[in-house]
Amino acid sequence: MKRPLQWIFDATGAIAAFFVFAIFVVMLGATVLRELGMRTGGTEDVVSWLTAAAAFFGLAHTFRHGDFVRVTLMLEKLSAPARQRVEIFCLLIATLFTAYITVSVFRYVYDSWQYNDMGTGMIVLPLWIPQSSLVIGSALLCLAFADELLWVLRGHRPGYVTAVEERHARGDFSEDV
């Protein structure tokens, strides 16, 4: 069953994939231009900004699909009620931690905007623009954790556990390396 916020997390996963593709295009373009004897200044700046954007936009999508690293050795030994309490505790801690990160990163980006902080590389632009992906990604991860916490508090199994079990039922163990 798809939950109401799932389309947002799927969209941000697609955006993250676009940023990864953009990294490929920029790097390929820079390689071709260098071979033609042309300058490619600023490529490193653009690739680093795209990498951060891809990583942070992909966080919520990755979490919802059960692809975060989880150590389940202890959880497998617990009874179902105890496992649910531990999952709730972990989701609560994760929600609080990502809320703190989101507020902290927002303050940092806001300061960059307020003080008109500019990039110091070959491409000079206001730093709040590429830094915004950190705020958006952190906020979406916090929202994903909070939504999952509410889901589990209502007595449901965690969606990330269900996603992994469904993948295993199809014979897909590609994420279990």
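**Exercise 1. Cysteines**

How far is the sulfur of Cys142 from the closest cysteine sulfur, and in which residue does that closest sulfur lie? Determine also how many disulfides the structure holds.

*Solution.* The model examined here is a predicted one.

Step 1. The closest cysteine sulfur to that of Cys142 belongs to Cys90, at a distance of 16 Å.

Step 2. A disulfide requires two cysteine sulfur atoms within 2.5 Å. The separation of 16 Å between the sulfurs of Cys142 and Cys90 is therefore too far for a bond.

Step 3. A search of the whole structure accordingly reports 0 disulfides. Cys90 is in no disulfide, its nearest cysteine sulfur being that of Cys142.

Step 4. Compare the surroundings of the two residues. Cys142 counts as buried because its relative accessibility is 14%, whereas Cys90, at 42%, counts as partly exposed. The cut-off for buried is under 20% relative accessible area.

**Exercise 2. Nonpolar cores**

State how many residues the largest nonpolar core has, and identify the helix that gives the most to this core.

*Solution.*

Step 1. The largest nonpolar core has 13 residues. Those with the most contacts inside this core are Phe9, Ala60, Phe63, Leu91, Ala144, Phe145 and Tyr160.

Step 2. Two or more residues come from each of H2, helix H4 (80-114), helix H5 (128-153) and helix H6 (159-169).

Step 3. Of these, H5 gives the most, with 6 residues.

Step 4. There is also a second, separate core of 9 residues, which includes Ala16, Phe19, Ala22 and Leu50.

**Exercise 3. Two residues of helix H4**

Decide whether Thr102 and Ala94 are buried or exposed, and describe how each is placed relative to a residue elsewhere in the chain.

*Solution.*

Step 1. Thr102 is in helix H4, and so is Ala94.

Step 2. Thr102 counts as buried because its relative accessibility is 13%. Ala94 is likewise buried, with a relative accessible area of 17%.

Step 3. A polar atom of the Thr102 side chain lies 3.4 Å from the backbone nitrogen of Ala139.

Step 4. Ala94 and Ser132 are 38 residues apart along the chain, and their C-alpha atoms are separated by 21 Å.

**Exercise 4. A surface patch**

Name the residues of the nonpolar surface patch of about 760 Å², and locate Met38 in the chain.

*Solution.*

Step 1. The patch is made by Phe21, Phe24, Val25, Leu28, Val32, Leu33, Leu36 and Met38.

Step 2. Met38 belongs to the loop between helix H1 (6-35) and helix H2 (43-64).

Step 3. Met38 counts as partly exposed because its relative accessibility is 47%.

Technical notes. Residues are numbered from 1 along each chain as its sequence is written. This is a predicted model: local features need pLDDT of at least 70, side-chain atom pairs count only at pLDDT 80 or more; totals for chains, interfaces and linings use all residues. Side-chain values use heavy atoms; hydrogens and water are left out. Patches are made of residues with over 30% relative accessible area and no salt bridge: like charges are joined within 9 Å, nonpolar side chains (Val, Leu, Ile, Met, Phe, Trp, Tyr) within 5 Å. Accessible areas come from the Shrake-Rupley method with a 1.4 Å probe; for residues, only the protein chains shown count as cover. A salt bridge is a side-chain nitrogen of Lys or Arg within 4 Å of a carboxyl oxygen of Asp or Glu. Helices (H or I, at least four residues) and strands (E, at least two) are DSSP runs, numbered from the N terminus. Buried means under 20% relative accessible area, exposed over 50%, partly exposed in between (1.4 Å probe, protein chains only). A nonpolar core is a set of buried Ala, Val, Leu, Ile, Met, Phe, Trp, Tyr and Cys residues joined through side-chain atoms within 4.5 Å. A polar contact is a pair of N or O atoms within 3.5 Å; within protein, one must be able to donate a hydrogen and the other to accept it, and residues adjacent in sequence count only if both atoms are side-chain atoms.
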